[in-house]
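This report describes selected features of one protein model for a reader who is new to structural analysis. The sequence and the structure are shown first, and the description follows.

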Amino acid sequence: MNHDYRSSGILLAVSSLPGPYGIGSLGRPARQFVDFLVEAGQHIWQVLPLVPPGEGSSPYMSPSAFAGNPLFIDLDELAAEGLLAPHELDGQRYENPDRVDYGHLAKTRMPLLRLAFQRSRQSLCPQEDPDLPWLGDYAQFAALRVKYQVPYWEWPADAQPDPEEVEFQEFLQNTFYRQWFELRAYANQRMVRIMGDVPIYLSPDSVERWKRPNLFQLDKDGHLANVAGVPPDAFTDQGQLWGNPLYDWDGHKREVFAFWEERMVWCERLYDMVRIDHFRAFHSYWSVPAGAASAKEGKWMPGPGMDLLCRIQRAAPGLELIAEDLGDLDMEALHFVRNCGIPGMKVMVFAFDPVGESAYLPHNCQRDSVIYTGTHDTPTFVQFLNETDREQGEYARRYLRLREDEGLGWGVIAGAWSAGSRLAIAPMQDVLGLGADARMNTPGTMGDHNWSWRVREEALNPYVTGKMREITRTYRR
């Protein structure tokens, strides 16, 4: 992190951007949000993973470490290229501005993108494709998933993808990344830096496991030997059984390290900085035997440590890293994340113990850290105030000098922005002072409520930018 200045920004998933077609996109809605950030005096836009989502629409259970989510492709830009007609876009309009309906999108979006693809093959002015070194394997994998509609281990031994489907999957990724690279350039030209998010694990049904099984802990039959999760912590009292494949750090260290180097080199093309999800697994990770009934059956195992961190920093020297170091860390893990040389996170919804001291309170945050009012996995701050016990809530209100007449959210933002941390981030929900209905994800649960919240276009207004700019100037960010 650059130590020469204090900065701040907003966390908003691309899916949460406003727009008429049921989900946020990489076109005009994204550029308008960049303009909103500029007006608000913010210099960081943090996004959630851009990868195709997996089970439960989660971007943290993806079938690829590299591919982009085709639902984010901007339809108006395809229409401007002559690949879609205006009347065809009318059928994609979705009336609920507050939620993504992934079921609706699953039925309606791909047929329209296939139509654009067919027209692109006949175009007299084809677009120049970006260099995507991983695209060949991914396009085959995605085409086979479409063909067989089952996990890859249930495909027939002689499975072959349909050539046209492979070409369509290549079209989707080339289109996605053309739009993304243009968006990043637009943001950077306006002094807005983009922070990405790297899920540490992948889906069991991923192109990486299909093509590079040596990366993972598998038994002699190719089945998962152990899977990822976490023990009981501040998020869930039962722990979380994620079910992702674990990396084979011991048996195939060279291949796994090479994969992570490739991954971070790719991230350097996409982002200015990245948050590494579940960074504590670099020190030690929770290993649960495959088939276990609960995450409680797991145990801690040693991770790759500083060896991997130094490797990826050398591979992508221009990429700033942030450690997602939340959860219950033992003393050894805590020492590792505090001394690894990259900033960790301080999350204010965990700060307000009315009796004890907390490292997450703004006055305790060291310079080389990132303070968050909350994350995509926590309650919104207003939800926290409404649902926590009385003593915690009263202490938070007293500490932050919250005022009902001003709106509770602004005191929360001011509290974070006043901290000693070099970087302060607030989810858009906290900027707007929204409650439980706006929560992005509840860990350990499945359902339509997760990953579906969207911001309304009218919320990105001059009053909000003015208040953000005032707070940001007050605390010299």
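Asp330 caps the N-terminal end of helix α10, with a side-chain oxygen 3.2 Å from the backbone nitrogen of Glu332. This distance, like every other value in the report, is computed from a predicted model. Helix α10 comprises residues 331–339, and its buried residues are Ala333, Phe336 and Val337. These residues lie on the same side of α10, because they cover an arc of only 90 degrees around the axis. The other side of α10 carries the exposed residues Met331, His335, Arg338 and Asn339. The helix therefore has a buried side, formed by residues within an arc of only 90 degrees, and another side on which exposed residues are found. The partner against which the buried residues of α10 pack is α9 (305–315). After α10 comes Gly341, whose phi is positive, near 95 degrees.

**Helix α15**

A similar description can be given for a second helix. What residue caps the N-terminal end of α15? The cap is Asn461, which has a side-chain oxygen 3.0 Å from the backbone nitrogen of Tyr463. Helix α15 runs over residues 462–474, and these 13 residues should span 18 Å at 1.5 Å a residue. The end C-alpha atoms of α15 are 18 Å apart, so the model agrees with the expected span.

The buried residues of α15 are Val464, Thr465, Lys467, Met468, Ile471 and Thr472. Because they cover an arc of only 165 degrees around the axis, they are on the same side of α15. Pro462, Tyr463 and Arg473 are exposed on the other side of the helix. Tyr463 thus appears twice in this account: its backbone nitrogen takes part in the cap, and the residue is exposed. Several elements cover the buried residues of α15, including β1 (7–11), α1 (28–39), α13 (408–417) and α14 (428–431).

**Residues with a positive phi**

Most residues other than glycine have a negative phi. Two residues of this model that are not glycine have a positive value and are described here. Trp451 has a phi of about 65 degrees and is located in the loop between α14 and α15. Arg476 has a phi near 60 degrees and belongs to the segment after α15. Is each of these residues buried or exposed? Trp451 counts as buried, because its relative accessibility is 6%, whereas Arg476 is exposed, with a relative accessible area of 65%.

**A buried residue in helix α6**

Thr175 is part of helix α6, which covers residues 163–189. Its relative accessibility is 2%, and it therefore counts as buried. When neighbours within four places in sequence are left aside, Thr175 is in contact with Ile73 and Leu78.

**Strand β3 and its partners**

Strand β3 consists of residues 193–198 and is mostly covered, as five of its six residues are buried. It pairs in the parallel sense with strand β2 (residues 44–46) over three bridges. In that pairing, Ile44 has Arg193 of β3 as its bridge partner. Strand β3 also pairs in the parallel sense with strand β6 (residues 273–276), over four bridges. Here the bridge partner of Gly196 is Val274 in β6.

**Cysteine residues**

How many disulfides does a search of the whole structure find? The search finds zero. The table gives the distance from the sulfur of two cysteines to the closest cysteine sulfur, together with the relative accessible area of each residue.

| Cysteine | Closest cysteine sulfur | Distance | Relative accessible area |
|---|---|---|---|
| Cys310 | Cys340 | 9.7 Å | 28%, partly exposed |
| Cys365 | Cys340 | 16 Å | 7%, buried |

A disulfide requires two cysteine sulfur atoms within 2.5 Å. The sulfur of Cys310 is 9.7 Å from that of Cys340, which is too far for a bond. The sulfur of Cys365 is likewise too far for a bond, because its closest cysteine sulfur, in Cys340, is 16 Å away.

Methods
Residues are numbered from 1 along each chain as its sequence is written. This is a predicted model: local features need pLDDT of at least 70, side-chain atom pairs count only at pLDDT 80 or more; totals for chains, interfaces and linings use all residues. Side-chain values use heavy atoms; hydrogens and water are left out. Buried means under 20% relative accessible area, exposed over 50%, partly exposed in between (1.4 Å probe, protein chains only). Helices (H or I, at least four residues) and strands (E, at least two) are DSSP runs, numbered from the N terminus. Two strands pair if DSSP finds at least two bridges between them. The expected span of a helix is 1.5 Å times one less than its number of residues. The arc is that of the directions from the helix axis to the C-beta atoms. Contact means heavy atoms within 4.5 Å. A polar contact is a pair of N or O atoms within 3.5 Å; within protein, one must be able to donate a hydrogen and the other to accept it, and residues adjacent in sequence count only if both atoms are side-chain atoms.
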